[in-house]
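Grab a pencil and work through a few exercises on the structure below. Try each task yourself before you read its solution.

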Amino acid sequence: MDTKIVKKKSKLKFVLGGLGAVVILSLSGMYFSQQKKTYNVASEDIQTDKVTQGKFEDMLMVTAQTQSLNSSLVNVLEGGAVKEIFAEDGQMLTKGQPIARVYNPNTEFNYMNQETGVMQQISQMRTTLLELKNQELAQDKEVLQAQNDYNTALQNFNLQKRLYDAEIGKKTDYDISMQNLNYQKQRKSIVENGSSSEKKSRSSQMSAINTSIGQMDKSLQILRSNKNNFLIMAPASGRLSSFTITEGENLTSGQSIGKIDLMDGYKLVAKVDEYYINKLQNGIKGILDNDSQSYEVVITKILPEVKDGQFSAELNFTNKKPANLKIGMTFGVKLKLSADTQSTMIPKGNFSKDTNGKWVFVVKGNKAEKRNISLGRENPLYYEVKSGLKAGETVIVSDYSDLKKYEILNIKN
């Protein structure tokens with residue numbers, strides 16, 4: 001009896017001991033899971049800066065290059081291999097001045113065949129036109145002959161009538177002359193009516209043929225002028241730029257091989273990060289500083305095509321411009337995106353590329369703790385802080401690539 005009781009007590013102690021171990025392990029797991037991940041970092045490996053309150057300039061610094069205000073592209077009209085080059089990059093040209101010549105034997109042979117075909121068609125049409133004119137001449141002769149025969153018959157009839165009335169002539173001769181007069185009269189009428197109808201038809205045919213010959217002549221002129229397409233000429237007067245072709249190089253029809261700067265003024269072209277593509281628009285003004293002087297510029301055109309993460313914006317000087325401007329000069333331009341405001345600001349740093357501006361390490365003593373923040377506008381020096389930070393706080397602004405998975409940093413001096 002006592003032995004059974006002892007065994008039951010032993011089993012109870014074992015079960016209670018097991019449950020206690022499970023509870024302890026669970027509490028231990030909860031404790032460690034609630035602990036924030038920490039990391040030791042040397043003070044010399046990080047860079048800190050202060051959160052400030054002050055005037056935030058909503059502006060953008062860009063580098064702009066001078067280009068001709070207006071230019072005309074030099075395009076290849078007929079593709080082929082470059083045979084001769086008559087000009088060089090930077091040379092001043094007049095409109096129509098030869099720049100280069102290309103050679104394409106297949107195209108030239110086609111032009112010759114087309115020209116020969118058009119000339120043959122024109123020759124055939126002119127032959128047809130000559131035949132119609134000869135027909136008209138022959139018919140005019142027939143009309144003239146019919147008129148002459150009628151006149152002769154009339155004269156003979158009048159003579160035989162007088163003789164017959166004077167009882168000198170024979171009745172038979174009088175009757176024959178009358179019969180011949182009637183015949184010649186009807187013949188003359190038929191010939192004249194036929195000639196008039198055919199003349200109208202012939203006139204219509206000749207008019208159509210002359211129109212066709214005129215169109216063929218124009219086609220022939222175009223074909224002959226197309227031969228000049230092998231010669232690339234300046235489309236306008238100005239300075240040749242971006243011209244880099246070499247002899248033997250194959251060019252395609254429509255290809256642009258340079259441009260003519262018209263030298264009627266200058267504009268600025270800036271390459272801008274695609275981040276600002278929806279922030280910039282026509283009419284935004286900026287300041288260009290050069291030789292201790294400031295010049296006002298304004299955006300006149302946004303070219304939305306993004307290439308290598310950048311797009312282009314064109315700017316013009318609003319009034320005065322720097323002296324001795326030349327194509328290809330570069331200037332720094334400060335663009336004013338909006339009015340200045342009093343804002344909380346955090347200095348820019350490498351931290352933003354790892355956090356996307358959503359959190360930052362805030363330093364307190366020898367520790368730094370992760371804190372969620374919200375950033376607004378930015379300029380070359382600062383981010384505007386919308387929430388999460390106060391002026392006077394210290395933050396880590398250096399690279400976070402090794403710190404992203406931690407929440408607390410122990411800063412060791």
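## Exercise 1: Asp-289 and its surroundings

Leaving out neighbours within four places in sequence, Asp-289 is in contact with Ser-294 and Gly-332, where contact means heavy atoms within 4.5 Å. Before going on, know that this is a predicted model, in which local features need pLDDT of at least 70 and side-chain atom pairs count only at pLDDT 80 or more, while totals for chains, interfaces and linings use all residues. Residues are numbered from 1 along each chain as its sequence is written, and side-chain values use heavy atoms, with hydrogens and water left out.

Task: work out where Asp-289 is found, and whether it is buried or exposed.

Solution, step by step:

- Start with the element: Asp-289 is found in strand E14. Helices (H or I, at least four residues) and strands (E, at least two) are DSSP runs, numbered from the N terminus.
- Next, the surface: Asp-289 has a relative accessible area of 53%, so it is exposed. The cut-offs are under 20% for buried, over 50% for exposed, and partly exposed in between, with a 1.4 Å probe and protein chains only.
- Now zoom in on Ser-294: its side chain and that of Asp-289 are joined by a polar contact of 2.6 Å. A polar contact is a pair of N or O atoms within 3.5 Å; within protein, one must be able to donate a hydrogen and the other to accept it, and residues adjacent in sequence count only if both atoms are side-chain atoms.
- Finally, look further along the chain: Tyr-400 is 111 residues away from Asp-289, and their C-alpha atoms are separated by 36 Å.

## Exercise 2: Two residues with positive phi

Task: find where Met-263 and Asp-291 sit, and say how accessible they are.

Solution, step by step:

- Recall the background: most residues other than glycine have a negative phi.
- Take Met-263: its phi is positive, near 60 degrees, and it is not a glycine. Met-263 sits in the loop between strand E12 (256–261) and E13. With a relative accessible area of 34%, Met-263 is partly exposed.
- Take Asp-291: phi is about 50 degrees here, again positive in a residue that is not a glycine. Asp-291 belongs to the loop between strand E14 (285–290) and E15. Its relative accessibility is 66%, so Asp-291 counts as exposed.

## Exercise 3: Following bridges from strand to strand

Task: starting at Thr-66, trace the bridge partners into E13 and on into E16.

Solution, step by step:

- Pair up the strands: strand E4 (residues 59–68) and strand E13 (residues 266–273) are antiparallel, with five bridges. Two strands pair if DSSP finds at least two bridges between them.
- Step into E13: the partner of Thr-66 there is Leu-268.
- Step on: E13 also pairs with E16 in the antiparallel sense, over six bridges. In E16, the partner of Leu-268 is Leu-315.

Task: do the same from Met-92 into E10 and then into E12.

Solution, step by step:

- Strand E7 (residues 92–93) and strand E10 (residues 238–241) pair over two bridges, antiparallel, and Met-92 stands opposite Arg-239.
- E10 and E12 run antiparallel and are joined by three bridges. Opposite Arg-239 in E12 is Asp-261.

## Exercise 4: An open sheet

Task: which strands are at the edges of the open sheet E9-E8-E6-E11?

Solution, step by step:

- Read the order: four strands form this open sheet, and their pairing is antiparallel.
- Pick the ends: strand E9 (231–233) and strand E11 (250–251) are the edge strands, each pairing on one side only.
- Check an inner pair: strand E6 (residues 80–85) and strand E8 (residues 98–103) share four bridges, and Val-82 has Val-102 as its bridge partner in E8.

## Exercise 5: Thr-394

Task: is Thr-394 buried or exposed, and what does its side chain make a polar contact with?

Solution, step by step:

- Thr-394 is found in strand E23 (residues 394–396).
- Its relative accessible area is 17%, so Thr-394 is buried.
- The side chain of Thr-394 makes a polar contact of 3.2 Å with the side chain of Lys-50.
- Residues up to four places away in sequence aside, Thr-394 touches several others, including Thr-48, Asp-49 and Phe-361.
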